[in-house]
Amino acid sequence: MKGLELDEKTLALIDSDNDGRIRVAELLAAVAWAAAHLKDPAVLLQGAEELPLAAINDSNAEGRILLASARQILANLGRKDASALDVAGAADTAKIFAASPLNGDGVIPPEATEDPAVQALIKDIVDCLGGTPDRTGSIGVTAAQVDTFFAELEAFAGWTAKSTNSEIAVLGAATNAASAAVQAVRAKVDDYFARTRLAAFDARAMAALNRSETEYLAIAAKDMTITAAEVSGFPLARIEAGRPLPLAEGVNPAWAGALARLQADAVAPLLGATVTTLTEAQWTALNAKLAPFETWLAGKAGAKVEKLGAERVQQILLGNGRAALAALVARDQALEPEFKAVNDVERLVRYHRDLRALLHNFVNFADLYSRDRLAVFQAGTLYLDSRSTELCIRVDGPNPR
């Protein structure tokens with residue numbers, strides 16, 4: 001199918017099995033398809049460059065969709081009032097689809113609406129879930145992504161609503177800070193009380209529980225610019241049997257800041273401002289008070305939309321954005337048959353132009369016998385021994401079949 005004076009894309013459309021050869025059945029199928037979509041199949045033998053829209057057979061649903069698609073193509077090409085379509089126009093899919101943000105591909109980009117609120121909503125969905133490129137390369141959202149987004153919004157709103165429960169948010173808006181302060185030191189505080197229990201069990205373990213003297217000597221031998229990294233592994237405070245944990249005086253310098261936040265954000269509001277040391281019982285009670293909040297926090301739902309914030313989530317849920325998107329999706333779906341027919345329009349325009357040449361060269365050989373034109377398979381004129389012949393055919397190699 002190469003090396004001929006015929007459009008290779010047209011030949012590829014006829015070659016239904018993509019084997020690089022056009023066989024009788026394929027050519028007959030192409031003629032039958034084109035004839036069925038034209039009011040007068042005889043126009044195929046004209047080989048005209050343009051297909052008049054009036055020539056399209058619109059007596060059935062498929063033909064009416066094809067005609068509507070051809071008109072849409074011309075409108076998108078800026079030729080709304082044109083009455084005929086050529087191959088170059090029908091094949092210019094980039095321009096065809098770029099002219100209409102709604103093009104039946106199932107993707108709704110921000111430019112599909114002039115409503116700033118809906119545009120912002122589409123951008124929020126893309127930001128939270130990622131977008132989908134449409135036929136023109138614009139990034140938009142699909143109906144499935146819209147459904148997922150609103151499901152995430154509802155899950156997040158339902159989850160955040162529970163935070164107003166006084167049994168969960170024991171300190172109201174300050175509960176999160178208290179929980180964070182406790183979690184920041186939990187492992188070290190648990191370690192501290194475990195060491196005090198071991199010291200109460202056997203006083204001989206005291207020296208080992210407080211770290212060895214040589215470890216302190218190693219630090220003392222330096223310039224005494226103690227860093228958190230050097231002492232962070234040491235206990236929070238001096239280990240003694242049953243000793244409460246001090247929160248300010250005599251604490252590990254690496255953890256002094258974290259213990260101060262614990263005292264300010266959690267201990268003072270939950271146990272009292274006068275509490276400056278923690279017994280193990282108080283530590284257990286503190287954790288118990290914050291346990292419902294931590295359980296709620298661990299069950300976070302709608303994490304994909306969390307970045308929007310609770311206020312924006314509520315704004316979207318209370319607005320009419322979902323209905324507006326549903327209307328856009330419906331409009332896009334209504335265009336799907338027309339835009340799917342774009343390929344069929346190009347096929348018909350190509351067949352209208354090229355089938356005549358193919359039939360007159362490989363069926364009835366009219367061009368071969370014509371006095372004023374050469375057949376498409378003729379390579380030129382061969383001159384040999386003062387004689388000439390015009391029946392010259394290019395042969396690239398023997399046919400292996």
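Here's a quick tour of some helices, rings, core residues and loop positions in this structure. Keep in mind that you're looking at a predicted model. A search of the whole structure turns up six aromatic pairs, and the largest nonpolar core has 35 residues. One helix, α15, comes with a bend of about 30°.

**The core**

- Within the 35-residue core, I56, L85 and L355 are the ones that touch the most other members.
- Helices α1 (8–14), α2 (24–36), α3 (61–76), α4 (87–91), α5 (93–98) and α16 (342–362) each give two or more residues to this core.
- The largest share comes from α16, which puts in nine residues.
- As background, nonpolar side chains tend to be buried together in soluble globular proteins.
- Leaving out residues up to four places away in sequence, L85 touches E49, E50, L51, I73, L74, L77, R79, A90, V345 and V349.

**Aromatic rings**

- F149 and F150 are an edge-to-face pair, because their planes sit at 90° with the ring centres 5.6 Å apart; anything over 60 degrees gets that label.
- Both of these phenylalanines, F149 and F150, are buried.
- F156 and W159 pair up too, but as a tilted pair, with 5.9 Å from centre to centre and 40° between the planes.
- Those two residues are three apart in helix α7 (residues 143–161), so about one helical turn separates F156 from W159.
- F156 and W159 are both buried.
- Ring pairs also tie F156 and W159 together with F293 and W296 in a cluster.
- Elsewhere, R347 lies over the face of W33, 5.5 Å from the ring centre.

**Helix α15**

- This helix covers residues 321–340, and at 1.5 Å a residue its 20 residues should span 28 Å. The C-alpha atoms at its ends are 28 Å apart, so the expected and modelled spans agree.
- The bend of about 30° is at A334, and a proline, P337, follows within four residues.
- The buried residues of α15 are G321, L325, L328, V329, D332 and F339.

**A buried aspartate, D124**

- D124 is part of helix α6 (residues 116–129).
- Its relative accessible area is 15%, so D124 counts as buried; the cut-off is under 20%.
- Not counting residues up to four places away in sequence, D124 touches F149, L308, R312 and I316. F149 is the phenylalanine from the edge-to-face pair with F150.

**Two loop residues, N18 and E49**

- N18 sits in the loop between α1 and α2.
- Phi of N18 is near 55°, a positive value in a residue other than glycine.
- With a relative accessible area of 63%, N18 is exposed.
- E49 belongs to the loop between α2 and β1 (50–52).
- At 52% relative accessibility, E49 counts as exposed, because the cut-off is over 50%.
- In sequence, E49 and V87 are 38 residues apart, yet in space they are 7.4 Å apart, C-alpha to C-alpha.
- E49 touches L85, D86, V87 and R353, again leaving out residues up to four places away in sequence. So this exposed loop residue contacts L85, one of the three core residues that touch the most other members.

How values were computed. Residues numbered from 1 in each chain as written. Predicted model: local features only at pLDDT ≥ 70, side-chain atom pairs only at ≥ 80, totals over all residues. Heavy atoms only, no water. Expected span 1.5 Å × (residues − 1). Bend = angle between axes of the 7 residues up to and from the residue. Buried < 20%, exposed > 50% of the residue type's maximum accessible area, 1.4 Å probe, protein only. Phe/Tyr/Trp six-rings, centres within 6.5 Å; stacked < 30°, edge-to-face > 60°. Lys NZ or Arg CZ within 6 Å of the ring centre and 35° of its normal. Contact = heavy atoms within 4.5 Å. Core = buried A, V, L, I, M, F, W, Y, C linked by side-chain atoms within 4.5 Å.
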